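I opened the notebook to look at a structure that is new to me. My plan is to take the ligand first and the domains after that.

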Amino acid sequence: MKKQNTILAFVVLTVLFGQMACTPTDLSKASIIPKPVSIVPTGDSFDLTDQTDIYVQGESAELLGIGQYLADKLNPSTGLGIEVKTTSEAPASGNIYLSLSENDAELGDEGYELTITDSSVKLTANKPAGLFYGVQTIRQLLPSKVELATSQKGSWKMATGTIRDYPEYGYRGSMLDVARHFFEVEEVKTLIDQLATYKMNRFHLHLSDDQGWRIEIKSWPNLTTHGGSTEVGGGPGGFYTQEQYSDIVKYAQERFITIIPEIDMPGHTNAALASYPELNKNGKATELYTGIEVGFSSLDTHKELTYKFIDDVIRELAALTPGEYIHIGGDESHATKIEDYIPFINRVQDIVEAHGKKVLGWDEIALATLKPNTIVQYWALAENAVKGVKQGAKVLMSPAKNAYLDMQYDSVSTFGLHWAAYIEVDKGYNWDPANLVPEIKRENIVGIEAPLWSETVSNRFEAEYLIFPRLLGYAEIGWTPVELRNWDEYKVRLANHGERMEAMNISFYPSKLVDWNVKDKK
Ligand code: TNX
């Protein structure tokens with residue numbers, strides 16, 4: 001009898017401890033990246049079951065879309081068959097409810113409030129974007145295995161409490177250079193999904209450079225048939241048809257991400273100069289280029305045809321791009337005299353404006369006379385960015401020393417360059433955009449962008465090695481107020497994202513600075 005009792009007690013305790021170990025009850029311990037503005041835990045847990053459905057308020061197609069996005073993330077792994085339904089009032093207990101409130105000023109256009117009790121999950125926001133970001137938080141509150149594509153054994157519990165959350169900056173982005181190496185539409189979409197997971201909302205596509213022209217321009221077809229036919233190292237290159245580009249734009253839009261297309265000029269234009277002899281000063285086409293030097297090519301700023309060419313390109317691109325901004329590059333035009341560069345940039349700004357768009361450009365464009373609403377992307381020279389500020393322009397922060405995803409982690413890590421710096425994961429995280437250059441203040445900054453130049457990476461997995469895990473840090477810099485950011489605390493949350501990134505099939509760099517919580521210790 002006594003022995004039986006002991007066994008019983010042992011079994012009960014084992015079950016209890018087991019439950020405690022895998023039942024999250026403290027919401028403040030959840031590893032959410034980017035870190036939310038406020039978390040108030042209530043010490044219980046909500047259980048997602050086969051009775052759980054997602055209800056959206058009203059009949060809005062946009063809300064249904066967000067509900068379906070969440071269901072599509074949860075169903076493959078949980079196998080719970082979660083359905084999306086519309087409703088005019090809060091649903092019965094056990095369900096997830098997404099609704100718009102429209103009167104919570106603090107939350108702004110992208111914030112959300114998530115209230116989890118032991119019997120319900122309620123997500124509200126002023127705008128659909130906020131609901132979308134709340135959905136990303138819900139994903140991260142569930143166990144990492146929720147991200148796997150195949151059916152997993154439960155349970156599916158979340159800690160209870162209230163999260164109120166909204167971003168510090170309106171521009172939170174990344175860039176992919178598809179010119180040095182071409183990336184397929186599917187690879188681009190995968191990256192867009194990953195950006196959305198971390199609440200980023202801008203994706204800059206570097207569509208042309210010396211090595212390749214990657215967007216179909218119907219009035220100048222050789223740009224892609226010839227200029228898109230190779231890449232760094234001499235591979236076959238590639239390009240997006242206008243239909244494929246529009247498909248990318250739509251895919252991003254559905255994830256609340258704006259595409260910012262870049263046509264780099266007047267330098268970085270060898271692919272165009274190789275495709276059309278008449279664009280060259282001497283009337284002769286250049287050779288296609290597959291190396292990684294920069295600064296040797298330039299459009300002829302004195303030729304009228306150059307501006308006809310740019311007008312055609314910008315017109316077609318603007319018509320395909322719903323976002324407000326077109327990026328005109330403007331960097332490293334070492335083969336263009338400064339007295340030619342300045343009037344060129346001024347004239348290109350007029351062209352962009354004539355097609356109803358605003359200009360974004362690398363920091364060198366601040367040497368010209370900037371139009372109102374122009375954004376200067378600070379990458380190299382603070383003095384250029386400051387010139388932009390003095391002209392009333394806003395600054396997008398992409399300082400190469402802190403934010404370039406193509407910089408190596410250290411001298412032995414694979415892939416990447418190191419001309420600006422080695423950027424270990426802590427260094428990528430530990431800086432404040434508003435406290436880097438004294439003359440560039442918080443109110444001058446639209447946000448942060450982490451660019452990936454692709455000289456050394458040619459496919460999704462190589463790119464991911466450079467992008468992850470640093471992207472999570474850049475996402476947090478863009479979203480979370482600086483007072484709430486701290487490397488020692490962040491690295492613990494990041495460690496818990498190891499398993500999550502694995503589940504998402506992301507091949508991240510396993511930095512030694514982080515004590516990764518992963519299935520197979522790296
Ligand atoms: C500088 S960043 C460049 C790019 C290169 C990059 C490599 C910028 C505006 N120009 O053309 O790809 O360095 O890190």
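By class, which residues make up the shell around the ligand? I found eight nonpolar, one polar and five charged residues there. I keep in mind that this is a predicted model.

**Entry: the ligand**

I looked up the neighbours next. The ligand is surrounded by 14 residues. Arg180, Tyr404, Asp406, Trp419 and Glu455 are the closest.

Then I checked polar atoms. A side-chain N or O atom of Arg180 is 2.7 Å from an oxygen atom of the ligand. For Trp419, I read 2.7 Å between an N or O atom of its side chain and a ligand oxygen. Asp331 places a polar side-chain atom 2.9 Å from a nitrogen atom of the ligand. I also looked up the cover: on its own the ligand has 360 Å² of accessible area, and the protein covers 98% of that.

**Entry: the domains**

I turned to the domain assignment. It gives domain 1 as 24-165 and domain 2 as 171-503. Their centres, taken over C-alpha atoms, are 33 Å apart.

How many residues of each domain are in contact with the other? I noted 29 from domain 1 and 28 from domain 2. The two domains bury about 2400 Å² between them, and carbon and sulfur atoms give 58% of this area. On the domain 1 side, Ile33, Pro34 and Lys35 lose the most area to domain 2, together 30% of what that side buries.

Last, I went through the pairs across this interface. There are two salt bridges and 15 residue pairs in polar contact. I also noted a salt bridge between the side chains of Lys35 and Glu489, at 3.3 Å from N to O.

Note on methods
Residues are numbered from 1 along each chain as its sequence is written. This is a predicted model: local features need pLDDT of at least 70, side-chain atom pairs count only at pLDDT 80 or more; totals for chains, interfaces and linings use all residues. Side-chain values use heavy atoms; hydrogens and water are left out. A residue is near a molecule or strand if one of its heavy atoms lies within 4 Å of it. A polar contact is a pair of N or O atoms within 3.5 Å; within protein, one must be able to donate a hydrogen and the other to accept it, and residues adjacent in sequence count only if both atoms are side-chain atoms. Accessible areas come from the Shrake-Rupley method with a 1.4 Å probe; for residues, only the protein chains shown count as cover. Ala, Val, Leu, Ile, Met, Phe, Trp, Tyr, Cys and Pro count as nonpolar, Asp, Glu, Lys and Arg as charged, and the others, Gly among them, as polar. Domain bounds come from an automatic or database domain assignment. Contact means heavy atoms within 4.5 Å. Buried area is the accessible area (1.4 Å probe) that two parts lose on being put together, summed over both. A salt bridge is a side-chain nitrogen of Lys or Arg within 4 Å of a carboxyl oxygen of Asp or Glu.
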